[in-house]
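User: I'm new to reading protein structures, and I'd like a close look at one part of this one. Could you walk me through the metal site and then show me how it sits in the rest of the model?

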Amino acid sequence: MQHTSWHWRLFKGICLALISLFFLFPILWVLLMSFQTNEDILRVPPSPFFTPTLDNYRALIAGELTGAGSTLKIAYMKNIWNSFVLSACSVLLSLLLGVPAAYAFARYRFRLGENIAFTLLSFRFAPPLLVLLPLLLYFQDLGLYDTYFGLIWVYQLITLPLILWIVRGYFEDVSPDIEHAYRIDGHSWLRSFLKIAVPLARPGIAAAALLAFIFAWNNFVFALILGSSDVQPVTVGALAFITASGIQYGQIAAGLVLSVIPTFVLALVMQRYLVEGLSLGAVKG
Amino acid sequence: MADLMLNSVTKIYRPRGREAVRAVSGLDMAVGDGEIIALLGSSGCGKTSTLRMITGFEAVSEGSISLGGRRLNELRPAERNVAMAFEGYSLYPPLTVRDNVAFALLRERAPREEVVRKVAEVAELVGIADSLDRFPSTISSGQQQRASLARALIRPAALHLLDEPMSQLEPQVRAILRARIKEWLKDRGMTAVVVTHDQTDAIALADRIAVMEASRLMQFATPAELRERPANLFVASFIGEPPMNLIEAEVAVGASGPRVVAPAAGSALTLDLPQTAALPAGHRVWLGLSPRHLAVGQGPHRAEVMVNQWLGDQTHLALEIDGLPLTAVAAGMVDAVPGEVVPFAVEPRGIHLFDCAEGAAIYHGSAEAA
Ligand SMILES: Nc1ncnc2c1ncn2[C@@H]1O[C@H](COP(=O)(O)OP(=O)(O)OP(=O)(O)O)[C@@H](O)[C@H]1O
Ligand SMILES: [Mg+2]
């Protein structure tokens, strides 16, 4: 039954607007804050009316924080770039390792297979702080401390299990006979993996990659301990806003907005692949 | 096109954490070049497993398989030159039905017009010509099944394996389609193994039928031979519609030679066997009486009619002798109402005896007659 009368649509519209407002309010507030000076923000009572300023963004992009008379050099844009390099490279490496592994776990039964898969998952259970200190000592010995490579390696703890387990489920849903049909036509195993299995699991791979990217982007503690400001991502970089002369709320808000943009854009781009799975349909044998 | 040999092929699945499953045990089979074989058996008896070993998707646990004199065991699926229609259709979802069917030919870089012509021809054969441009997820499962069949038939492979190619189709379509498939395969001299649950399909389609049960090959013979000389109790109880009557009985010595007595029917059912049937007296047997060789109307035996069913071209009669049920089939109408006692005769060629312990056939009336 279809309710198409206008008051039903109006009612639905109002409900949707309220729900969206409720969930988006904090983000909206932060967005407003990013255009205000610290004085405007700390005004009591708070008011939605203010004269917008781009000073916060200007300060971040120039890399000079001015607060209460003193200036502080920061490398916020560099931090965003680091975040991007770390997250993107970690996800790419995890895809390279994780997708074939997920396929193997989905298709073949081998000795200790289930144990290996579970061990990889269990990396997600361990509190990172537990392993960080010993890791720091090793990293300093190996010369991996404060390098992109070292951090990307550690980030595999976050991204690899995620990709492995999500993509494995997608491979399991694709009937192996679809690949078999391709293989008896004279194609090799590798071609059937690349041409049949991977494209059919693409929505899953896209979802897993996006999630892994977000998790990597939001990571804080690994980079805090295993790198200096040269390689540190924005999560760590944001600490600089808490200065001796007070907390710069406007700059924090602007920093937040800047740091959300890359993930936001990525999610929009990936959306195409995420919904692709719905139209494909009937993959399940 | 080549002959297929299976030498004591065994498949044992070893699922993790569970008991091993013997899906196929010591299967011996020789399929001639250009022959069509049906693999007939109930669900789970190992038919699909056998095909998967031939295609190479499952390793052979024991034994060897060869095709055209070439040992297949170690070859990769791509090198075996077999075509298969899968039980689950397994069409590639992002491609249209047309592209799915043409896929193998396109890969072999066949000329464009030849591909178009062949696809049209095979689509016509299986009856999917009007859904060629649709995607697999938008057509019915019957159409998907036919598309998958077309994809297998279009290839000029050495061996065609069709796993239940008509299970989704209605009886009328099936009858037409199996005749067309047979013609297609025979015209091209293709060797084929067709898996089916359906006896009628098997009989209509195949030169020889391999009956399987619980991972073993029970008998591998022509349809006529299966009917007239079933090798064992299982085949006797499985083949035929309705299947053979099986009655516990005993061999005795009568005035004119060996005879078989069914105690369950009292003294009412005693059958004389020819002198040549060398059977020890007192031997316990299963007596098989094929329904088509029970001639109702006249004869030395008497039975009560329980059900008299005219099926339009034949009559199925449920009879009872002293509480022992028997089924008889007559070619024409039979004038008898339930409750009536009718005379009947057992034609000698309808008598079969099976060893009670092992179930192997020890006597066929039809063999004596021939
Ligand atoms: N991958 C597997 N792992 C474990 N056991 C299996 C596997 N595949 C099949 N089996 C078992 O092997 C036996 C034979 O299976 P198979 O699929 O060959 O039967 P089938 O004759 O094709 O049956 P159906 O007519 O239902 O298709 C069954 O008991 C089944 O449970
Ligand atoms: Mg099967």
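Analyst: Here is a walk from the metal site outwards, first through one chain and then through the other. Keep in mind that what you're looking at is a predicted model.

Let's start with the metal itself. Which protein atoms hold the magnesium ion (ligand 2)? The donors are OG1 of T48(B) and OE of E87(B), and they lie 1.8 to 2.8 Å from the ion. Now look at where those two residues come from. T48(B) is part of helix 1 of chain B, residues 47–55, while E87(B) is in the loop that runs between strand 6 (82–85) and helix 2 (97–107). The two are 39 residues apart in sequence, so the pair ties together separate parts of chain B. Is E87(B) buried, partly exposed or exposed? With a relative accessible area of 39%, E87(B) is partly exposed.

Stay on that loop for a moment, since there's another residue to see there. S90(B) also lies in the loop between strand 6 and helix 2 of chain B. Unlike E87(B), which is partly exposed, S90(B) counts as buried, at 4% relative accessibility. Its backbone deserves a look too: phi of S90(B) is near 55°, which is positive even though the residue isn't a glycine. Why point that out? Most residues other than glycine have a negative phi.

Next, hop over to Q144(B), which sits in helix 4 of chain B, residues 141–153. What does Q144(B) touch, leaving out residues up to four places away in sequence? The list is Y89(B), L91(B), P136(B) and I139(B). There's also a distance to check here: the C-alpha atoms of Q144(B) and G88(B) are 9.1 Å apart, although 56 residues separate the two along the chain. Q144(B) has 18% relative accessibility, and the cut-off for buried is under 20%, so Q144(B) counts as buried.

Two further backbone spots in chain B are good practice. A214(B) is in the loop between strand 9 (208–213) and strand 10 (216–221). Phi of A214(B) is near 45°, again a positive value in a residue other than glycine. This residue is exposed, with a relative accessible area of 54%. Then there's P242(B), in the loop between helix 8 (233–238) and strand 11 (245–254) of chain B. The peptide bond leading into it from E241(B) is cis, with omega near 0°. As a rule, most peptide bonds are trans.

Now zoom out to chain B as a whole. How many helices and strands does chain B have? There are nine helices and 20 strands. Its C-alpha atoms fill a box of roughly 75 × 45 × 45 Å along the principal axes. Of its 370 residues, 50% count as buried. Take the contacts between residues at least 6 apart in sequence: 64% of them join residues at least 24 apart. Chain B exposes about 16100 Å², with carbon and sulfur atoms supplying 50% of that. As for charge, chain B carries 36 positive and 43 negative side chains, and the centres of the two sets lie 9 Å apart.

Finally, let's turn to chain A, which has 13 helices and four strands. The radius of gyration of chain A is 24 Å, well over the 19 Å from the globule rule for 285 residues, so chain A is more spread out than a compact globule. Its C-alpha trace spans about 75 × 70 × 30 Å along the principal axes. Buried residues make up 40% of the chain. The accessible surface of chain A is about 16000 Å², and 72% of it belongs to carbon and sulfur atoms. You'll find 17 positive and 14 negative side chains in chain A.

One of the buried residues here is E179(A), at 2% relative accessibility. You'll find E179(A) in helix 8 of chain A, residues 176–184. Beyond its sequence neighbours up to four places away, E179(A) touches Y103(A), R107(A), S192(A), I196(A) and A197(A). Chain A has a cis bond to show you as well: the peptide bond from V44(A) to P45(A), with omega near -5°. P45(A) is in the loop between helix 2 (38–42) and helix 3 (55–62).

Key:
Residues numbered from 1 in each chain as written. Chains lettered and ligands numbered in written order. Predicted model: local features only at pLDDT ≥ 70, side-chain atom pairs only at ≥ 80, totals over all residues. Heavy atoms only, no water. Rg over C-alpha atoms; globule rule 2.2 N^0.38 Å. Buried < 20%, exposed > 50% of the residue type's maximum accessible area, 1.4 Å probe, protein only. Areas by Shrake-Rupley, 256 points an atom, 1.4 Å probe, with all protein chains shown as cover. Lys, Arg positive; Asp, Glu negative; His and termini not counted. Charge placed at Lys NZ, Arg CZ, Asp CG, Glu CD. Donors = N, O, S within 2.8 Å, 3.2 Å for Na, K, Ca; no water. Contact = heavy atoms within 4.5 Å.
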